[in-house]
Amino acid sequence: MDVSAASVNPLTIAVDALVVNLFERTTQPSGITASVDRALGGIISDLIAAGDASGRPGEVTVLYPRGAIAAHRVLVVGLGPANAFGAEAARNASAVAARRARDLGAKSVASVAHGAGVNALALGEAAQATVEGARLGLYRYLLDDGLEAFTLVDEDAGKLEVLRDGIRWGDAVAEGTRLARTLVQHPANVATPDHLAEVARGLAKDHGFAVTIGDRAWAEAEGMGSFLGVAKAAGYEPRFIVLEHDPSGGKEAPLVLVGKGVTFDSGGLSIKGRQGLEGMKQDMAGAAAVLGAMRTVGRLRSPRRVVALVPATENVIDAAGYRPSDVLTASNGTTIEIISTDAEGRLILADALAYAQRYKPRAVVDLATLTGAVNVALGSHAAGLFSNDDTLASNVSASAQRVAERVWRMPLWPEYLTALESDVADLKNSSGKPAGGACVAAAFLERFTSYPWVHLDIAGVHAVETTEGYRVKGPSGYGVRLLADWITKA
Ligand code: BES
Ligand code: ZN
Ligand code: ZN
């Protein structure tokens with residue numbers, strides 16, 4: 001789908017569908033909706049008066065102008081109440097309208113930038129949200145959007161530049177999110193560690209990133225005994241991916257992104273049950289978010305120095321695999337007693353977090369489908385946010401709020417670490433008890449950090465159960481928009 005901006009009178013644009021909008025509880029259409037209403041003899045006003053068009057979120061009223069304007073159809077999409085309006089409502093409305101247009105067989109769609117100027121939503125932000133919503137809402141795994149052209153229209157030629165900028169951002173953010181969704185939806189025999197590495201190589205080629213793909217021997221040379229412990233049983237070879245975007249030529253302390261890349265989590269010898277195995281191809285959603293964010297960073301040519309680290313391996317079963325009771329030595333010398341081979345995410349992240357130290361990073365954010373416990377605590381409504389730095393935590397939270405990818409701060413009290421005291425090593429990889437599981441896992445990770453750090457446990461938010469607005473059933477791509485916002489505002 002080609003996305004562009006046009007400064008034409010919306011009444012004169014010949015498209016299969018023209019999308020305009022309506023706020024809830026308004027008696028009169030406004031802006032371009034009002035011009036369309038007038039051109040169509042007041043039909044939208046009539047529909048409002050009759051209660052047939054309410055402006056509720058998710059509502060789409062389809063009108064056939066029959067030559068009164070150039071568009072073949074008009075889709076009036078509900079924006080919800082004006083006082084609750086913002087970028088999130090714009091994204092959702094745009095998604096719902098774009099899907100309806102596709103369902104009707106439309107190929108060319110023109111849309112207003114939803115809600116520009118309402119509740120301080122700037123035109124560029126409205127344009128971005130409209131494009132993001134359409135692109136994310138139209139997403140289908142391995143299929144194209146189904147639309148050929150999507151045009152943002154505004155009669156005022158003076159607004160074209162701002163619209164174009166919004167499109168550029170919306171496109172870049174949506175493309176990163178779509179990459180993440182696709183990688184997570186790939187089955188485990190497609191999204192192997194090597195596949196993730198190939199995707200990273202492609203990103204490096206497209207955007208001029210530096211890339212290093214570490215194999216088993218490389219990780220051994222790095223002393224990554226924790227990562228390699230998990231990888232011992234792996235049939236698909238492990239990869240440790242390092243991607244770097246460095247417009248500063250090494251002058252700037254980087255922002256480091258770390259993503260858990262367990263391409264299939266069987267639990268290992270501490271094997272999961274039949275139910276628990278379901279969906280475990282998605283245990284690389286953190287890695288996917290990090291790679292997706294790098295796509296966005298590359299497309300936007302962010303001036304920030306950003307490093308992405310992805311330890312990628314499957315966690316399966318083999319006689320050569322690691323066992324409960326084994327002691328692993330991480331690259332920073334920390335010894336770890338294995339209680340559960342199913343607490344593997346923290347083991348591969350330990351070596352990645354230790355690796356991050358060499359960059360003297362300004363900040364590190366890791367994303368991981370780390371614990372079932374975070375889903376028990378927060379459900380699918382927020383990622384658990386853990387941090388050793390209040391300023392960083394509040395910056396990341398502010399980004400989360402701006403892009404509507406919720407986070408909720410959770411504690412990192414030292415008591416959680418006492419649950420991991422071992423008789424034979426520096427620490428255990430699991431307390432062996434369910435209590436405070438997400439917090440105990442985060443406390444384990446903290447042992448490997450020595451810089452401002454945020455951990456996002458995304459095990460509750462990495463997938464969407466039913467399509468709603470731009471959140472399409474399947475992997476959510478959670479984290480790409482948050483990371484992109486954080487990086488570009490850092
Ligand atoms: N990948 C899982 C966490 C998970 C569970 C993600 C459900 C998505 C949905 C992780 O590796 C794991 O198995 N964690 C264990 C930790 C326990 C053994 C300490 C868990 O949450 O049960
Ligand atoms: Zn596990
Ligand atoms: Zn896992």
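User: Which residues lie nearest the centre of the second largest pocket?
Analyst: This is a predicted model. The second largest pocket has a volume of about 600 Å³. Its lining consists of 27 residues. Those nearest the centre of the second largest pocket are E88, S380, A404, V464 and R471.

User: Which element gives the largest share of the lining of the second largest pocket?
Analyst: Two or more lining residues come from each of α3 (87-103), α5 (160-185) and β19. The largest share is four residues, and the element that supplies them is α3.

User: From which domains does the lining of the second largest pocket draw at least three residues each?
Analyst: By class, this lining has eleven nonpolar, eight polar and eight charged residues. At least three residues come from each of two domains, namely domain 1 (2-152) and domain 2 (177-489).

User: Which residues lie nearest the centre of the largest pocket?
Analyst: The largest pocket has a volume of about 980 Å³, and 36 residues line it. The lining of the largest pocket divides into nine nonpolar, 16 polar and eleven charged residues. Nearest its centre lie M280, T371, G372, A459 and H462.

User: Which element gives the most to the lining of the largest pocket?
Analyst: At least two lining residues come from each of α12 (372-378), α15 (437-446) and β19 (463-464). With three residues, the element that gives the most is α12.

User: What is the geometry of the site of the zinc ion (ligand 3)?
Analyst: The protein donors of the zinc ion (ligand 3) are K260 (NZ), D265 (OD), D283 (OD) and E344 (OE), at 2.0 to 2.4 Å from the ion. Along the chain these donors follow the spacing K-x4-D-x17-D-x60-E. There are six donor atoms, with angles of 78 to 173 degrees among them, and the site is octahedral.

User: How many residues apart in sequence are the parts that D265 and E344 tie together?
Analyst: Both residues are donors of the zinc ion (ligand 3). D265 lies in strand β10 (residues 261-265), while E344 is in the loop between β13 (335-337) and α11 (345-356). The pair therefore ties together parts whose separation in sequence is 79 residues.

User: What is the geometry of the site of the zinc ion (ligand 2)?
Analyst: The zinc ion (ligand 2) is coordinated by D265 (OD), D342 (O), D342 (OD) and E344 (OE), at 2.0 to 2.2 Å. The spacing of its donors along the chain is D-x76-D-x1-E. Among its six donor atoms the angles are 72 to 169 degrees, and the site is irregular.

User: How far apart are the zinc ion (ligand 2) and the zinc ion (ligand 3)?
Analyst: D265 coordinates both zinc ions. The distance between the zinc ion (ligand 2) and the zinc ion (ligand 3) is 3.2 Å.

User: Is D265 buried or exposed?
Analyst: The relative accessible area of D265 is 3%. Buried means under 20%, so D265 is buried.

User: Is E344 buried or exposed?
Analyst: E344 donates through OE to the zinc ion (ligand 2). Its relative accessibility is 1%. With the cut-off for buried at under 20%, E344 counts as buried.

User: What is the relative accessibility of D342?
Analyst: D342 coordinates the zinc ion (ligand 2) through O and OD. D342 counts as partly exposed, with a relative accessibility of 23%.

How values were computed. Residues numbered from 1 in each chain as written. Chains lettered and ligands numbered in written order. Predicted model: local features only at pLDDT ≥ 70, side-chain atom pairs only at ≥ 80, totals over all residues. Heavy atoms only, no water. Donors = N, O, S within 2.8 Å, 3.2 Å for Na, K, Ca; no water. Tetrahedral: all angles 85-135°; square planar, octahedral: opposite > 155°, others 65-115°. Buried < 20%, exposed > 50% of the residue type's maximum accessible area, 1.4 Å probe, protein only. 1 Å grid on protein atoms, 1.4 Å probe; cavity = no way out; pocket = protein on both sides within 12 Å on 5 of 7 lines; lining within 4 Å. Points joined across faces, edges and corners; volume = space filled by probe spheres on them. Nonpolar A, V, L, I, M, F, W, Y, C, P; charged D, E, K, R; others polar. Domains from an automatic or database assignment.
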